[in-house]
Amino acid sequence: MKMLIGAAVTAATLLVGTEAAATNYTLWIHGRNGGSTQPGNYNDFSYWGPSSTAAGVNKKAVNWNGKQRVGTENYRIRNALDCFCTGTNSCYIAAHSAGDLQIGYALALYGGSTRQVKNAVPNSNGECGNAGTATQTGWNIKWVAVASGAGGGSELADHGDWAVSEPLVSDLVTTTARAMYNHNTTRNTWFYMFAASKGTAYSGILPGQDDEAVAYHSTGGVSGTGNGSYCNPGDWFCGGTLTTGTAACSDGRAKWSYHSVAWRDDNESVNHYANGNWGGIVGKVREYMVTYAY
């Protein structure tokens, strides 16, 4: 009997030790930028705001060259996912604008691949060492919160309103962004969409409600090969209303699988830009991460 009790205590101790070793991280994946962030430096929050600001448990900045094409730079997102979201570790993901394309691309094209379990100790290039010989399929991601996601592209890219010399802009063309990968393939990971609508400067170019950079058809995760005109309830001259949750839009157009509108800017009070101070729609997602990413 003493031997059995001793074995049980040992097993319980090992279990507690295993659970204690598990760590949750919050990864922030930025969008298009001028190349000011330091790729591979998980402590550089200059895109977002002061690094001292609370933004989810064990927050890490997943920096990439925000001028280059998604496919060219996606290895940096995969490096971060390997580092912090394998083995006993799990991740919450926050993405902004083209960061939505980056995490969607990684999950759809690589989320079913074999990954080496890493030790969460990155080198200067953002790569982590192996934690033994263990492998796993995909990553341990709890969910993704998206601030004004550009997974459906932007008409500003269609019309050449952004610097056409930047390779990323070609990926942000609406037809290209929607055809880049299967947006329904999220490996059962939920994307919670935050859609802003304080848009004025480009209202003639962006259809329906927009935040000055991306329209509701994209920020709401609305499916289909083409863009659509979606607005807040009660607004006129739109093709339909962007519904909250997973329900199809009022015109019957469904959202992509595992996409849900968590917040819709009914008061038209929030724009696209973080402005280096966790501003705009990024502020709404930051509040969400502080509350739920722990």
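Mentor: Let's start with one term: buried means under 20% relative accessible area, and exposed means over 50%, with partly exposed in between. Keep in mind that this is a predicted model.

Trainee: Okay, helix 3 then. What makes helix 3 mostly covered?

Mentor: Of its 12 residues, 10 are buried. Those are Gly99, Asp100, Leu101, Gln102, Ile103, Gly104, Tyr105, Ala106, Leu107 and Ala108. Each one counts because buried means under 20% relative accessible area.

Trainee: How do you know that the span of helix 3 agrees with what it should be?

Mentor: The expected span is 1.5 Å times one less than the number of residues. For the 12 residues of helix 3 that gives 16 Å, and its end C-alpha atoms are 16 Å apart, so the two agree. Helix 2 passes as well: 15 residues should span 21 Å, and its end C-alpha atoms are 21 Å apart.

Trainee: And what makes helix 2 mostly covered?

Mentor: The count again: 12 of its 15 residues are buried. Among them are Arg76, Arg78 and Asp82, along with Ile77, Leu81 and Phe84.

Trainee: Why is Ser97 called buried?

Mentor: Its relative accessibility is 10%, and the cut-off is under 20%, so Ser97 counts as buried. Ser97 is in the loop between strand 3 and helix 3. Leaving out residues up to four places away in sequence, Ser97 touches Gly31, Ala147, Ser148, Gly149, Ala150, Val214 and His272.

Trainee: Why is Thr53 called partly exposed?

Mentor: Thr53 comes out at 22%. That isn't under 20% and isn't over 50%, so Thr53 is partly exposed. This residue is in the loop between strand 1 and strand 2. Beyond neighbours within four places in sequence, Thr53 is in contact with Lys59, Trp278 and Arg286.

Trainee: What makes strand 1 and strand 3 a pair?

Mentor: Pairing takes at least two bridges. Strand 1 and strand 3 have 6, in the parallel sense, so they pair. One of the matches puts Ile29 with Ala95 as its bridge partner in strand 3. Strand 3 is also joined to strand 6 by 6 bridges, again parallel, and Tyr92 stands opposite Trp143 in strand 6.

Trainee: How do you know that both faces of strand 3 are covered?

Mentor: Look at each side in turn. Ser90, Tyr92, Ala94 and His96 are on one, Cys91, Ile93 and Ala95 on the other, and all are buried. That's 7 of 7 residues.

Trainee: What makes a set of residues a nonpolar core, and which ones touch the most other members of the largest?

Mentor: The members are buried Ala, Val, Leu, Ile, Met, Phe, Trp, Tyr and Cys residues joined through side-chain atoms within 4.5 Å. The largest core has 52 residues, and Leu27, Leu81, Phe84, Ile93 and Ile103 touch the most other members. Elements giving two or more residues to this core include strand 1, helix 2, strand 3 and helix 3. Ile103 touches Ile29, Leu81, Ile93, Ala95, Ile141, Val144 and Phe191, residues up to four places away in sequence aside. A second, separate core of 22 residues includes Trp28, Tyr47, Ala147 and Tyr288.

Trainee: What lines the largest cavity?

Mentor: Among the lining residues are Asp100, Gly104, Tyr181, Phe191, Trp256 and His259. The largest cavity holds about 60 Å³ of space, and the whole structure has 2 cavities of 30 Å³ or more.

How values were computed
Residues are numbered from 1 along each chain as its sequence is written. This is a predicted model: local features need pLDDT of at least 70, side-chain atom pairs count only at pLDDT 80 or more; totals for chains, interfaces and linings use all residues. Side-chain values use heavy atoms; hydrogens and water are left out. Buried means under 20% relative accessible area, exposed over 50%, partly exposed in between (1.4 Å probe, protein chains only). Helices (H or I, at least four residues) and strands (E, at least two) are DSSP runs, numbered from the N terminus. Contact means heavy atoms within 4.5 Å. On a 1 Å grid over the protein atoms alone, a cavity is a set of points where a 1.4 Å probe fits but cannot get out, and a pocket is an open set with protein on both sides within 12 Å along at least five of seven lines; lining residues have an atom within 4 Å of a point. Grid points are joined across faces, edges and corners, and a volume is the space filled by probe spheres set on the points.
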